[in-house]
Amino acid sequence: MSEHGPHGAPRDAEQVTPDLRAPGGRGAHPRTGGTLAFVESPVQLLNALEWAHADAQRPGIQGKVTIVVLSPLDPMSRGQLRRVAQLARDEGHAVRWEEARGGPSAPLKTIGALAPELRRAARVVIGDPFSRYVQLLLTITRSRDLVVVDDGTATMEFIAQLARGERLVRWHRSGGRPGPRDLVFAPFSAAARRRLTPGSGSSVEVFSSMPVNDIPEGVRLTPNTFAWTRARFGPPRLTKGADLVGTSLVETGVVDPDRYLEAVRRLARTHGATRYFAHRRESAEKLHELASVTGLEIVRPDLPLELIARRGPIGRTILSFPSTVVHTLPLALAGTEVEVAVCDIDPSWLTEKASPRAEGFLSGVTGTARDVRRLSSTGNA
């Protein structure tokens with residue numbers, strides 16, 4: 001299994017630890033009235049950078065952003081976050097790293113430490129409106145100017161639920177009654193939903209590359225074209241073969257592991273794929289079995305795939321299952337000769353635990369993708 005470093009060299013996911021001291025480190029604080037962004041994943045951080053780049057083109061100003069990383073626990077996500085955080089520093093943004101999940105008392109300490117900055121911030125940017133952490137933070141801020149940047153395909157579901165006035169629930173969560181933790185947290189979730197609904201004197205912007213419909217009244221939608229990524233990197237060198245993009249649909253309980261393994265094997269054989277870019281949430285056991293059965297080289301990317309693909313080298317064809325990348329890669333790779341192909345999820349692949357919404361949601365992700373070649377569940381066009 002290889003690790004794709006910033007210049008193609010193998011390296012460990014936790015090898016690079018940026019200096020967290022000022023400027024841009026733990027000692028850095030946002031200016032009064034400035035912009036404060038909260039991110040919990042590498043994709044959210046990348047899209048916060050894209051938003052800041054687009055925002056800087058607007059007349060009247062806006063300046064640099066203080067980005068707070070609410071760090072997850074898994075090493076793959078932490079490694080990618082650290083590397084994208086360094087790119088943010090290179091752009092002049094301040095980055096504050098919070099060990100937000102480092103023990104039972106960590107959330108309370110983190111929220112307490114962030115409260116003064118939250119109350120001063122004129123504008124707050126969030127990456128995941130479904131996050132309980134973020135929902136708690138939204139109850140503290142006094143900002144009337146909120147921005148939601150993409151957290152992948154979840155943005156589509158967020159917009160739909162906001163438009164319908166529903167409680168915020170991730171699409172892959174099973175149906176049924178809310179659990180005890182859901183009931184305890186319900187008041188905070190409801191308060192966050194109200195904050196994300198434009199009202200008198202408040203502004204809500206959604207910055208997204210996803211196809212979204214039925215925008216709630218008062219919400220401003222700004223397209224994410226990956227202009228910063230294209231200006232900063234590439235164009236990539238293209239290889240002759242195909243690359244396959246992994247998904248965490250098995251890990252989230254949506255797709256049966258054996259069906260997924262067979263689908264990957266069939267896709268690789270049909271299209272001559274040689275590399276498999278693993279999703280950061282895919283388990284080591286599953287990836288080991290994939291390598292043994294398919295012969296694919298497993299690559300653990302150290303950056304979001306949009307940056308990996310734009311930097312290259314990358315295959316002339318990128319194969320994917322329904323996921324965020326079928327919407328983002330055509331934008332990031334605009335102007336190149338790379339073709340993105342998406343393979344449908346056959347309903348028979350879904351597990352008994354899959355949410356009733358899973359089939360329709362995944363079909364919608366595929367059907368609304370632009371500038372991609374659509375493959376059937378057999379792997380053929």
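This report walks through the fold, cores, ring pairs and backbone details of one predicted protein model.

Residues are numbered from 1 along each chain as its sequence is written, and side-chain values use heavy atoms, with hydrogens and water left out. Because the model is predicted, local features need pLDDT of at least 70 and side-chain atom pairs count only at pLDDT 80 or more, while totals for chains, interfaces and linings use all residues.

## Overall build

The protein chain has twelve helices and 14 strands. Helices (H or I, at least four residues) and strands (E, at least two) are DSSP runs, numbered from the N terminus. Of the 381 residues in the protein chain, 55% count as buried. Buried means under 20% relative accessible area, exposed means over 50%, and partly exposed lies in between (1.4 Å probe, protein chains only). Contact means heavy atoms within 4.5 Å. Take the contacts in the protein chain between residues at least 6 apart in sequence: 72% of them join residues at least 24 apart.

## Helix α1 and the cores

Helix α1 covers residues 42–56. From first C-alpha to last, its 15 residues reach 21 Å, close to the 21 Å expected at 1.5 Å a residue. The expected span is 1.5 Å times one less than the number of residues. Eleven of the 15 residues of α1 are buried. Among them are L45, L49 and W51.

A nonpolar core is a set of buried Ala, Val, Leu, Ile, Met, Phe, Trp, Tyr and Cys residues joined through side-chain atoms within 4.5 Å. In soluble globular proteins, nonpolar side chains tend to be buried together. Here the largest nonpolar core has 42 residues. W51, I67 and L329 have the most contacts inside it. The largest share of this core, six residues, comes from α1. Leaving aside neighbours within four places in sequence, I67 is in contact with residues including L45 and L49. I67 also meets A88, H93 and A94, among others. Apart from the largest core lies another, of 36 residues, including I111, F130, L138 and F361.

## Ring pairs

A search of the whole structure finds four aromatic pairs. Rings of Phe, Tyr and Trp (its six-membered ring) pair if their centres lie within 6.5 Å; planes under 30 degrees apart count as stacked, over 60 as edge-to-face and the rest as tilted. Two of these pairs are set out below.

| Pair | Centre to centre | Angle between planes | Type |
|---|---|---|---|
| F130 and F158 | 6.4 Å | 85 degrees | edge-to-face |
| F321 and W349 | 6.3 Å | 75 degrees | edge-to-face |

F130 lies in the loop between β5 (123–126) and α4 (132–138), and F158 in helix α5 (residues 154–164), so their pair ties together parts that are 28 residues apart in sequence. Both F130 and F158 are buried.

The second pair also links distant parts of the chain. F321 is in the loop between β12 (314–320) and α11 (325–332). W349 is in the loop between β13 (339–343) and α12 (358–367). F321 is buried at 1% relative accessibility, and W349 is buried at 5%. Ring pairs link Y260, F321 and W349 into a cluster.

R82 and W97 meet in another way. The charged end of R82 sits over the ring of W97, 4.0 Å from its centre. This requires NZ of Lys or CZ of Arg within 6 Å of the ring centre and within 35 degrees of the ring normal.

## Strands around β12

Six of the seven residues of β12 are buried, so this strand is largely enclosed by the rest of the structure. Two strands pair if DSSP finds at least two bridges between them. Strand β9 (residues 238–245) runs parallel to β12, joined by five bridges. One bridge matches A242 with T317 in β12. β12 and β13 also pair in the parallel sense, over four bridges. There, S320 has V342 of β13 as its bridge partner.

## Backbone details

The peptide bond from G234 to P235 is cis, with omega near 5 degrees. P235 is in the loop between α7 (227–232) and β9. Another cis peptide bond joins G312 and P313, with omega about -5 degrees. P313 lies in the loop between α10 (305–311) and β12.

F226 is not a glycine, yet has a positive phi of about 60 degrees. F226 is buried, at 1% relative accessibility. D371 also has a positive phi, near 60 degrees. D371 is exposed, at 71% relative accessibility.
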